Amino acid sequence: MPSTLPDGDPVPPDGSLPDQAYRAAADRTLSFYVHVPFCATRCGYCDFNTYTAGELGTAASPQSWLDSALAEIDLAAKVLGNNRTVSTIFVGGGTPSLVGAEPLTRILGAIDERFGLAADAEVSTEANPESTDPALLTGLRQAGFTRLSLGMQSTSRRVLAILDRTHTPGRALDVVAWARAAGFEHLNLDLIYGTPGETDDEFAASLRAVVGSGVDHVSAYSLIVEPGTRLARQVDRGMLPMPDDDVLADRYLLAEELLTAAGFGWYEVSNWARAGAARCRHNLAYWTGQDWWGIGPGAHSHVGGVRWWNVKHPAAYAQRLAAGVSPGQAREVLTGEQRTAEDVLLRLRLDSGVALDRLPATGRAKAADAARRGLLDPAALAAGTARLTLDGRLLADGIALDLLG
Ligand SMILES: C[S@@+](CC[C@H](N)C(=O)[O-])C[C@H]1O[C@@H](n2cnc3c(N)ncnc32)[C@H](O)[C@@H]1O
Ligand code: SF4
């Protein structure tokens with residue numbers, strides 16, 4: 001979750017939603033995202049809404065965050081009512097593993113109590129390898145977490161140092177083994193490719209380590225140089241080169257080759273899973289326009305075409321909830337046109353693609369052209385779906401904008 005928030009309309013103090021948010025709710029699943037805004041240290045590339053203890057001082061603490069998050073779950077129950085069960089929960093950050101199992105258990109319990117978790121609910125948490133140990137994993141599994149997502153990034157000591165990661169190359173692999181022993185059903189490792197100075201061999205070694213670890217899911221993101229980060233300053237001063245587009249494309253193709261050979265299949269441009277059941281249902285809910293409520297500072301929510309986002313700072317977030325006021329900073333009610341555009345942008349990144357009838361007539365003509373250029377699958381197109389080829393996946397967002405134009 002990037003830390004810059006857009007402008008928008010005011011959110012009413014009681015957090016109530018316009019009628020449109022409730023229309024056809026039965027056609028959509030409901031998820032919760034829970035944002036934990038704490039990190040032990042800040043990685044130089046990261047722009048997420050997260051704070052070290054030194055940055056927060058006495059303004060906010062894990063305890064004030066927990067109290068406020070529980071109050072926001074109560075608010076969500078008042079606004080949404082209690083007739084919808086929850087399909088997925090995703091605790092992200094920041095570093096959820098830093099706060100320990102007990103607060104996360106209480107959050108899960110509160111969502112279950114207010115709404116009810118579906119019997120087959122997917123309950124994920126992110127974790128940083130450094131702050132994760134077997135006791136934490138046992139506690140999380142007992143609390144009902146089913147899926148663990150670990151920021152491994154690379155197995156190269158040199159690359160981890162450039163990224164300011166504090167863990168050793170093997171730590172994430174140890175955590176995977178502990179998580180399996182603790183009984184987690186699904187495990188993901190995050191990789192970052194294209195770090196300045198990273199070689200093909202180093203990225204291939206990271207991929208082989210991921211495959212060898214036995215996880216059933218991999219997310220691989222190209223390094224984004226976010227404005228305002230330490231990495232951006234190093235690039236601006238010429239201390240590090242900007243990641244090169246051709247190198248990024250080659251690394252993506254290497255990921256596809258090694259992961260496919262090992263039995264993974266892509267289902268979103270940056271995500272691969274060993275089987276359908278290993279796909280992250282929570283992220284699929286985002287990408288297919290379902291409803292989700294984001295709990296925590298700076299968290300974003302979407303219910304029936306109404307999108308809102310919370311105040312960013314943990315102290316401001318806690319103050320609002322302590323005063324019985326919605327932490328929503330602003331919101332926007334999406335028009336039909338905006339919803340279609342978002343739907344096309346997100347669904348085109350999926351292996352299931354976008355139905356051609358979602359596109360304007362000009363977009364359908366452009367889809368035929370993209371298929372001739374090898375960017376869309378001609379067989380899928382003939383069957384009425386715009387589905388990216390491997391070459392198309394390298395240009396996904398540009399193609400989506402073209403199809404909407
Ligand atoms: C919240 S972090 C994961 C959990 C934990 N905080 C950690 O870093 O280990 C989510 C993921 O976002 C990705 N990420 C963050 N900033 C990025 C950037 N600038 N470019 C590419 N990937 C990034 C990393 O792969 C990271 O694992
Ligand atoms: S540990 Fe994760 S969330 Fe925290 S600064 Fe690093 S990448 Fe960002």
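In the predicted model, Leu390 is partly exposed, with a relative accessible area of 33%. This value lies between the 20% below which a residue counts as buried and the 50% above which a residue counts as exposed. Because patch residues must have over 30% relative accessible area, Leu390 at 33% meets that criterion. Leu390 is found in helix α16, which spans residues 390–393. Together with Leu253, Leu394 and Leu395, Leu390 makes a nonpolar surface patch of about 290 Å².

The surroundings of ligand 1 comprise 18 residues, of which Gly94, Gln153, Arg165, Asp190 and Ile224 come nearest. By residue class, this shell divides into seven nonpolar, seven polar and four charged residues. At least two residues of the shell are supplied by each of the strands β3 (117–127), β4 (147–153), β5 (186–193) and β6 (217–222).

Polar contacts to ligand 1 involve both backbone and side-chain atoms of the protein. An N or O atom in the side chain of Asp190 lies 2.7 Å from an oxygen atom of the ligand. Polar backbone atoms are found 3.1 Å from a nitrogen atom of ligand 1 in the case of Tyr45, and 2.9 Å from a nitrogen atom of ligand 1 in the case of Ile224. Ligand 1 taken alone exposes 560 Å², and 92% of that area is buried by the protein.

Terms used
Residues numbered from 1 in each chain as written. Chains lettered and ligands numbered in written order. Predicted model: local features only at pLDDT ≥ 70, side-chain atom pairs only at ≥ 80, totals over all residues. Heavy atoms only, no water. Patch = residues over 30% accessible without salt bridge, like charges linked within 9 Å, V, L, I, M, F, W, Y side chains within 5 Å. Areas by Shrake-Rupley, 256 points an atom, 1.4 Å probe, with all protein chains shown as cover. Salt bridge = Lys/Arg side-chain N within 4 Å of Asp/Glu carboxyl O. Helix = DSSP H or I, 4+ residues; strand = E, 2+ residues; numbered from the N terminus. Buried < 20%, exposed > 50% of the residue type's maximum accessible area, 1.4 Å probe, protein only. Near = heavy atom within 4 Å. Polar contact = N/O pair within 3.5 Å; in protein donor to acceptor, adjacent residues only side chain to side chain. Nonpolar A, V, L, I, M, F, W, Y, C, P; charged D, E, K, R; others polar.
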